[in-house]
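Work through these exercises with the model open beside you. Try each task before you read its solution.

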Amino acid sequence: MCGIVGLFLKDSSLEPQLGELLSDMLITMTDRGPDSAGIAIYGAAEHGKAKLTVQSPNPEKDFATLEADLRDAGVVATVTAKSTHAIVALRSVELGNLRSVLSALRPNVRVMGSGESVEIFKEVGLPKEVVAKFDVRSMRGTHGIGHTRMATESAVTTLGAHPFSTGADQCLVHNGSLSNHNNLRRELIREGITFETQNDSEVAAAYLTAEMAKGKNLGEALSGALDDLDGFFTFVVGTKSGFGVVRDPIACKPAVMAETDQYVAFGSEYRALANLPGIESARVWEPEPATVYFWDHEEAA
């Protein structure tokens, strides 16, 4: 049993409140998953700029001189530490080089996510602790997803927490369990995808990354997941401009959605949505089994 939340803003006037709104939604789901929690925030992208969210078990040592050490290694970047995580910002063309240099300079540092707009923060602990640790309430953005985990099949670790990100500006949160993830993992490894954990949810994220790399949009990739993934799942997925939801054909994992002129919201239970602005006049529904729900800022423009 896990708790999932997501919020896709249609109204830009709400963007300064995204972190605050998502934080409250996530904390409400604490009893569905007290082991670890995480949140992904999609902010404004700068042309030609990219960023890497990284995590360290020893942040004081790893982040204190990281900016200078990167510069000495030929990578010009700015490093903004947030507790056990840091945001490394640089030119997009340097992103590939950054990963290899970072691996050599800081072998214990792990990448949580990368891209032009996404920042991902996740740690072991209660949602309220994770939200406070990374000052999520102060963050602004266009959309975001969050997860609070109750581990059933793997260890409680930072890397095992959600969201999982396996592609630029892509991430996924999952409630459920996949039965064919080992076979699918082997297929994706043959396609060149690497994995950080043995978690089945990371395989789901990687599957979507691989499908979108073939030219599909998020909605099309989620449709393919209904044929290719076996098990019980509710997925909420973010991309640079998109937000998608899908449940397996049995749909035994709880889910509720709400839509107004200002936003689209997802929660494992309605109480996660109850304090959103204008919720009393929202269209509220339970997403249908084997049905893809997909919104995209670029397609709406």
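The expected span of a helix is 1.5 Å times one less than its number of residues. Helices (H or I, at least four residues) and strands (E, at least two) are DSSP runs, numbered from the N terminus. The model is predicted: local features need pLDDT of at least 70, side-chain atom pairs count only at pLDDT 80 or more, and totals for chains, interfaces and linings use all residues. Residues are numbered from 1 along each chain as its sequence is written, and side-chain values use heavy atoms, with hydrogens and water left out.

**Exercise 1. Check the length of helix α7 (residues 200–213) and describe its surroundings.**

Step 1. Helix α7 has 14 residues, so at 1.5 Å a residue it should span 20 Å. Its end C-alpha atoms are 20 Å apart, which agrees.

Step 2. Test for burial (buried is under 20% relative accessible area, exposed over 50%, partly exposed in between; 1.4 Å probe, protein chains only). In α7, 13 of the 14 residues are buried, so the rest of the structure largely encloses the helix.

Step 3. Look at the start of α7. A side-chain oxygen of asparagine 199 comes within 2.7 Å of the backbone nitrogen of serine 201.

Step 4. Move past the helix. Glycine 215 follows α7 and has a positive phi, near 110°.

**Exercise 2. Trace the open sheet of seven strands and find the strands at its edges.**

Step 1. Two strands pair if DSSP finds at least two bridges between them. The order is β7-β2-β8-β1-β14-β13-β15, with antiparallel pairing.

Step 2. β7 (118–124) and β15 (283–285) are the edges. Each has a single partner strand, so one side of each lacks a neighbour in the sheet.

Step 3. Zoom in on one pair. Five bridges join the antiparallel strands β1 and β14. Valine 5 stands opposite glycine 267 in β14.

Step 4. Add the helix. α1 lies across β1, β2, β8 (143–149) and β14, running at about 160° to β1. Such angles run from 0 to 180 degrees between N-to-C directions, with axes fitted to C-alpha atoms, for helices over the stretch in contact.

**Exercise 3. Which residues have the most contacts inside the largest nonpolar core?**

Step 1. A nonpolar core is a set of buried Ala, Val, Leu, Ile, Met, Phe, Trp, Tyr and Cys residues joined through side-chain atoms within 4.5 Å.

Step 2. The largest one has 29 residues, and Leu7, Leu22, Met25, Tyr263, Leu273 and Leu276 have the most contacts inside it.

Step 3. Assign the elements. Those giving two or more residues include β1 (3–9), α1 (18–28) and β2 (36–42). α1 gives the largest share, five residues.

Step 4. Take methionine 25. Beyond residues up to four places away in sequence, methionine 25 touches Val5, Gly6, Leu7, Ala265, Phe266, Ala272, Leu273 and Leu276. Contact means heavy atoms within 4.5 Å.

Step 5. Now find the second, separate core. This one has 25 residues, among them Leu172, Ile193, Val203 and Tyr207.

**Exercise 4. Is glutamine 55 buried or exposed?**

Step 1. Place the residue. Glutamine 55 lies in strand β3 (residues 49–55).

Step 2. Its relative accessible area is 8%, so glutamine 55 is buried.

Step 3. Find its polar partner (a polar contact is a pair of N or O atoms within 3.5 Å; within protein, one must be able to donate a hydrogen and the other to accept it, and residues adjacent in sequence count only if both atoms are side-chain atoms). The side chains of glutamine 55 and glutamate 123 make a polar contact of 3.2 Å.
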